Amino acid sequence: LDLPINEKLVEICKNLPICTEWPQVVIENCKHEAIFYVLKVNAVDTSKALSAVDPSILVKTQFPMMPNVLTAKILHIFEIDFNLDEKERLVVLSQPFQKDNFVSTQINAVVPFQYLTRFQQQQLVLKNPPLQFETCGHIAHYNLFTPEQFALRNYIGMTTLDQNIKTVILKTQPISNQFRTFEFVLIAGVEKYETTVQQNGFKLKLNLQTCYFNSRLQNEHEQVVEMIKNDPERGFVFDATAGVGPFGIPLALSKINVLMNDLNVESYNYQLENIKLNNCQKYAKCLNQDSFQLIKEVVQNPNQFFDMKCTHIILNLPELSVDFLSSLQNIKCDQRFFIETFTRQKLHFVEDLLVRATAAKKGWDFVFDELKMENQIVEGFGCDVFDIKDLDKDEIRKFQRFYKEFEVQIVRDVGTTKWMVR
Ligand SMILES: C[S@@+](CC[C@H](N)C(=O)[O-])C[C@H]1O[C@@H](n2cnc3c(N)ncnc32)[C@H](O)[C@@H]1O
């Protein structure tokens, strides 16, 4: 349902302060005047009238839905005051209707703002309302792309508040620091950035201002945990860039020993808190160190952490993950690595990742440059020069033999030409 822009509301909303609830002036101007069409029918003719009407234009009936119109789309639920006598029924339609003796009458109805959906409320002031936002506990988080959306950000924020969403923020800068936190401003609700996220069977407490967390990685977290759970030769897991514990906590809850580490002391403090919150102290330990050094310690001297081998290492700091491998130059590793990284080379991301991983392990100064990559492939694997774009499956397999097992998965699309892979 396309709603026309309400110019008066647009002007009010451009100067709107950050709100925790709807101001009266907005409520009054947000009422939407809509045109509907009604069929007043005699009770006995109801069924006949309803079967004649195209269900897609049915808005509401004044009686329980009949089975033959169960597929009807309900566009609005709202109150219209009609004096119907006991034998009359009212059918509200979004378009005029005429068939047999049934002829609709136009009515002008006022739809109060609370009957509009969030998107419809935004349609009253924006030509292009934002299509999505992310949530982290009680916090909703927007990326806004157009000047129009930016000018009306506080209204967008206010329409987003509901029973679960109490704080709405707008990301102002791309993530660029090493702790992967982002700059944002409040656009609606309360200024409270500590929150608790309910994941599949466990809880994570965190502060979005000081720690990294991304709800969109939930699938990725679950997949890696599942793969580790299903590995019969499991020792302990080292999560080298653990954040607030989205891999570590579910692993520990599955009775798998896990060493979590994060350089950010805030994330480390939440790891400690989340271990208690989820009651998994027996299986989880955490540290606040630099994994560039710690990874070597864990590989060479695992028994200082748990009385067993370290069999799995998770590196999910995409900008630096493969670089951590440079700390393992000339060190024999037989762990299974889960390395997340970004690539712009969708078609041949396998070799991109292989070369980057190998280059990092061999200590090459890696520059993403195709010519250099060819040389690195030749130097690294001693094979002939070829155009890497033409790599076929057999050639990829040639590289893979340097790794016991090598799997590449796309984790998520980061942009139209950028992917996160593991
Ligand atoms: C992309 S976040 C991932 C966090 C967590 N694994 C998750 O999925 O939510 C990467 C984490 O690496 C941490 N980090 C950055 N440099 C580090 C280093 N040298 N050693 C250990 N942790 C580091 C950051 O503080 C951040 O929490």
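Student: From which domains does the shell around the ligand draw at least three residues each?

Tutor: The model is predicted, so local features need pLDDT of at least 70 and side-chain atom pairs count only at pLDDT 80 or more, while totals for chains, interfaces and linings use all residues. Residues are numbered from 1 along each chain as its sequence is written, and side-chain values use heavy atoms, with hydrogens and water left out. The domain bounds come from an automatic or database domain assignment. On that basis, the shell takes at least three residues from each of domain 2 (123-198) and domain 3 (211-338).

Student: How many residues surround the ligand?

Tutor: A residue is near the ligand if one of its heavy atoms lies within 4 Å of it. The closest are H221, T241, D262, D290 and N316, and the number of surrounding residues is 22.

Student: How many residues of the shell around the ligand are charged?

Tutor: Asp, Glu, Lys and Arg count as charged; Ala, Val, Leu, Ile, Met, Phe, Trp, Tyr, Cys and Pro count as nonpolar; the others, Gly among them, count as polar. The shell has ten nonpolar and nine polar residues, and its charged residues number three.

Student: What share of the ligand's accessible area does the protein cover?

Tutor: A polar contact is a pair of N or O atoms within 3.5 Å. A polar side-chain atom of H221 lies 2.9 Å from a ligand oxygen, and a side-chain N or O atom of D262 is 2.7 Å from an oxygen atom of the ligand. Accessible areas come from the Shrake-Rupley method with a 1.4 Å probe. Of the 600 Å² of accessible area that the ligand has on its own, the protein covers 99%.

Student: Is R180, a residue with positive phi, buried or exposed?

Tutor: R180 is found in the loop between β9 (167-171) and β10 (184-189), strands being DSSP runs (E, at least two residues) numbered from the N terminus. Its phi is about 60° although it is not a glycine. Buried means under 20% relative accessible area, exposed over 50%, and partly exposed in between (1.4 Å probe, protein chains only). Because its relative accessibility is 16%, R180 counts as buried.

Student: What is the relative accessible area of N279?

Tutor: N279 lies in the loop between α9 (265-277) and β15 (284-287), where helices are DSSP runs (H or I) of at least four residues. Phi of N279 is near 55°, a positive value in a residue other than glycine. N279 is exposed, and its relative accessible area is 63%.

Note on methods: Polar contact = N/O pair within 3.5 Å; in protein donor to acceptor, adjacent residues only side chain to side chain.
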